[in-house]
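Please explain how the parts of this model are arranged, going from a sheet to a cavity and then to some backbone details.

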Amino acid sequence: MAQTIVSSNLRNQQQLPMSQLFRIFQDSEGYIWYGTQGGGLCRDDGYSVKIFRSDYTTPNLLESNWISCITEDNKNRIWFGTRRGLYILNKYNYQITEVADKTIKSWSIDALKAASDGTIWVSTANLIIHYNINGQKLGTYNVKWKGESRSVSQIYEDNSKKIWIIQWKGGIWNFDAQKNNFTSYHWPFQESPTAILQDSKSRQYWIATWGKGIVKFSPDAKNLNKIYTVQNTTFRENDFSRNYILGMAQDSVHNQIWTITKDNLYSYINSAKNELIPVAIKNNLPLDKMFLNQIISDKKGNLWVAADYPQSFTLSFNQKRVNHIKIPEIKNELGFPVAPNTFVYDKDYYWFWQKQKGLYLYNNQTQKLTYLSDAPGLHWEKKSILIEKAKHTNGVYTVLNDTKVVLLNHLDGKLKLPETIVQIPKNQRIHALYEDEFSNLWIGTNDKLYKYNLTSKKTTTVCNHIGTVNNIIVTHDKKIFLATEKSGLCKVTEEGKIKSFGTNKIFSSIAVGKNNTIWSGTEQGDVYYFDSKNNQIVSVNEKAGLNGDAILSLETDNSGNVWILTNQRIIIYNPANQSSNVLFNSDPAIAMNNFLSLGKDEKGTIHVSGMGGFCTFPSYTAFKNKPEEIPVKLTSVTVGGETRLSDFEKNKVILQADEINVELFFSTLDHLNADKIRFAFRYKNKNEKWEYLTEGHNNVFLTGLSKGLHTLEIKATDANGLWTNKITEITIDRLPAWYETIWAIIVYIILAIVVILISVHYYLKWNKRKLIDEQIRNSAIDLQDLVNQLYGDNSNSQTSEDLNLKALLLDMKKLLQQQREQKTKLNSGLKTENAEPLLSSFDEKFIQKALSLVEENIDSANYSVEQLSQDLGMDRTGLYRKLVNIIGKTPTDFIRSTRLKRAIKHFEEGYTVAETADRVGFGTASYLSKCFRDEFGIKPSEYIAKLKKKNKE
């Protein structure tokens, strides 16, 4: 029974402290732990290895760096035994402590098992010690075989949660919980048991032995002769390799039993009769002879083998289906492997141009290889590596002497004479050929595009001066596209009109996909599709996970996937779900030194050539699967050059106040496919687009983080390149500095308020003083004007800067005294005959003009201060200030006083109060009476009565 198994070296082998591994263990999260023979304990997250050991940085961490066994308890802590003691690693803080039991301090630990009930079983110094999860001793058992204590090679818990121990050079024991003791089973063989395994499918027990192969163990058999049955297929007389077994494991993919022996690895499958049948795996193993220490099966069914020689490795199943065609005849003939620079696959035949040799024809069914470069019609010609499949007939096109296109065909592998198709001008050099479905052969040269009609045999020059044409495509609807070195991606009409896109790029390849979508690649590592609706090219670099490697070739398969070839990678991009998958030249199923060319046959199968042969992918269905719901784990963080391991299942990072930059590391713990996993991240609730990382990159560097919480969303692809729907949130809490705390902010606010109040106080005080000063200066100017007016001298006008306020005040004091005297005289009587002039000529003219204006409008009750101001050509404020300064009355009082003095004249002329009120603009007799009494202290009627009495006398 043969099958395909892929053997791979450990991805992070170079990060290990030692080449050899003694123990391998996978914990509940998915981390792989390694135990070394002197290098300490190691944790592998798929991208990096963290080492725990005593060295010059941690001198007293462990008493011994030799790790003998590893297990995990129900608190997710790692228990590990060494040659000098038993230790516990707490994954919540990654601190290591020694088990508190002083009786076993510095003892060599032989075996460990964390049972499903939470207790821990330990084998040391030929004793079995039972601990609870807190490290407190529950019991010690001295299990003797034939009266002698023996070391224990394995502690095992079966599917029924029974505890078994295997004694080296002893027997098989089962723990009886009711009796709190171990019960032995009769062991009839001289050869020692080494390991026990219960079949996950049949529940059958298998015992590995040192010299007897595998023995079927039936503990419930009533007949002692049927308890043990030697599996003859696992035991052969004098077969020292197969018979001597160190350990066993069962994979979860095919349920095969795997054994490591003293110098090799073997596999068996359980038949319907509960008998083991060998499985042929020799061709899938690294070497014929090996020194192996342990084998385990991980959660995905992959096998991990700890070894001294060769280096430790993994065995995996369910790899992508790849057919590898190596053509060993080339290596036998030339001494180096096949290296097809270009090729065409046509009906079981590969036409290919072998690097540094020439043209070959290879029959994939009969493995017949024919060298064609020396064949008739080709021998003396300069041959091009350009090969293009002919569509209207059998065979391929190639180019001779740079300008002649010929058709090559064969009969059962024997080359026919080349048929000349077309000759172009000698000054051109052919770089690209393409036959469309309309019987046209398109020819791209170093500067032109020609169309040769295979029916009419006519050649047409379609366009000129376009630079070197590297590739040509014609779609079903007759759209022509060129990949050129000078003119970018060119869209050409049959009339030769050209529309260029991306002229700053060197376009190397072109392909047409579903719905006639044009895909193109550049030497700068770009891949574009042509958006016909908007007439533009659109990049898919980020979504396809491209990294800038030059694009050698492009092709599309029947499912619409775009195959992108670079020197060391094949990127398969699915435009429908924007997923991408990566195949490396170093993948065990491919194993090429580098990739060279890409093609598709008439069935749609993708073929890839490289240094080492051809690979075909008959049925690529990765994108048809549903994505695995894989959570992303934060594995470690780096702050200030210091790496900290992430707490168990706690996606939170706490940064100190001075830590504003942090680097985060992730993993999906898919160790065998870590180099194909892609991650994307964005800040939560910020409406940001996803930032995509290329495959194999698992870190994000965040800078300039402000205080407070920052939530990062992370998602990843599965091994097939499908983006999982599960989003992991990682919280980063940057603690505030003392000056960023709430108390500091309160103090800042209080201080700010105090400063504002003080500033406002002094500002108001300053502003008040400024206003006072300004008022004083303005008043001083007015006073100076007044003084000048009073003195009748305008020549002494001064600016505010030139004023002598002290002298001005003295002058004003004198003037005010004079004005008080004048006002008293002016207001003391109604007439002032033969009196000295009390006003300056200027003021007297002003008062006379004001009186004249009021007299002219004396009968109008609507004549107001505003009208008087306008008539005098002054503003109201200026009038107010002028009248007050001259006569000590406001404009309102001045108008009223003038009206009242005219009223006295009317009374003397015999008018009544009502008649007078109408003539002097008071409107009503009552208002006149009120104002008259306020002004003169007597009612109008009383004043009239006095006049009449005086006249009678």
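The paragraphs below treat a sheet, a residue within it, a cavity and three loop positions. The model is predicted.

The starting point is an open sheet of 4 strands, with the order β10-β11-β12-β13 and antiparallel pairing. Its edges are formed by β10 (109–114) and β13 (137–141), each of which pairs on one side only. On average, neighbouring strands in this sheet are turned by 15 degrees against each other, direction ignored. Within the sheet, β11 (residues 120–124) and β12 (residues 127–131) are joined in the antiparallel sense over 5 bridges. One bridge links Thr-124 to Leu-127, the latter in β12.

Strand β11 also holds Ser-123. Is this residue, Ser-123, buried or exposed? Ser-123 counts as buried because its relative accessibility is 0%, and the cut-off for buried is under 20%. When neighbours within four places in sequence are left aside, the contacts of Ser-123 are Ser-108, Ile-109, Asp-110, Ala-111, Ile-128, Val-152 and Ile-155.

Next come the enclosed spaces. The count comes to 2 cavities of 30 Å³ or more. The second largest cavity holds about 40 Å³ of space. Which residues line the second largest cavity? They are Trp-353, Leu-359, Leu-378, Lys-383, Ser-384, Thr-398 and Leu-400. By class, this lining has 4 nonpolar, 2 polar and 1 charged residues. Two strands, β36 (383–389) and β37 (396–400), each supply at least two residues of the lining of the second largest cavity.

The last part concerns the backbone. Most residues other than glycine have a negative phi, and most peptide bonds are trans. Against that background, three positions can be picked out.

Tyr-309 and Pro-310 are joined by a cis peptide bond, with omega about -5 degrees. Pro-310 is placed in the loop between β29 (303–309) and β30 (313–316).

Lys-161 is a residue other than glycine with a positive phi, near 70 degrees. The loop that contains Lys-161 runs between β16 (152–157) and β17 (163–167). Lys-161 counts as exposed because its relative accessibility is 59%, and the cut-off for exposed is over 50%.

Arg-203, also a residue other than glycine, has a positive phi near 65 degrees. Arg-203 is in the loop between β20 (193–198) and β21 (205–209). With 46% relative accessibility, Arg-203 counts as partly exposed.

Technical notes: Residues numbered from 1 in each chain as written. Predicted model: local features only at pLDDT ≥ 70, side-chain atom pairs only at ≥ 80, totals over all residues. Heavy atoms only, no water. Pairing = 2+ DSSP bridges. Axes fitted to C-alpha atoms, helices over the stretch in contact; angles between N-to-C directions. 1 Å grid on protein atoms, 1.4 Å probe; cavity = no way out; pocket = protein on both sides within 12 Å on 5 of 7 lines; lining within 4 Å. Points joined across faces, edges and corners; volume = space filled by probe spheres on them. Nonpolar A, V, L, I, M, F, W, Y, C, P; charged D, E, K, R; others polar. Buried < 20%, exposed > 50% of the residue type's maximum accessible area, 1.4 Å probe, protein only. Contact = heavy atoms within 4.5 Å.
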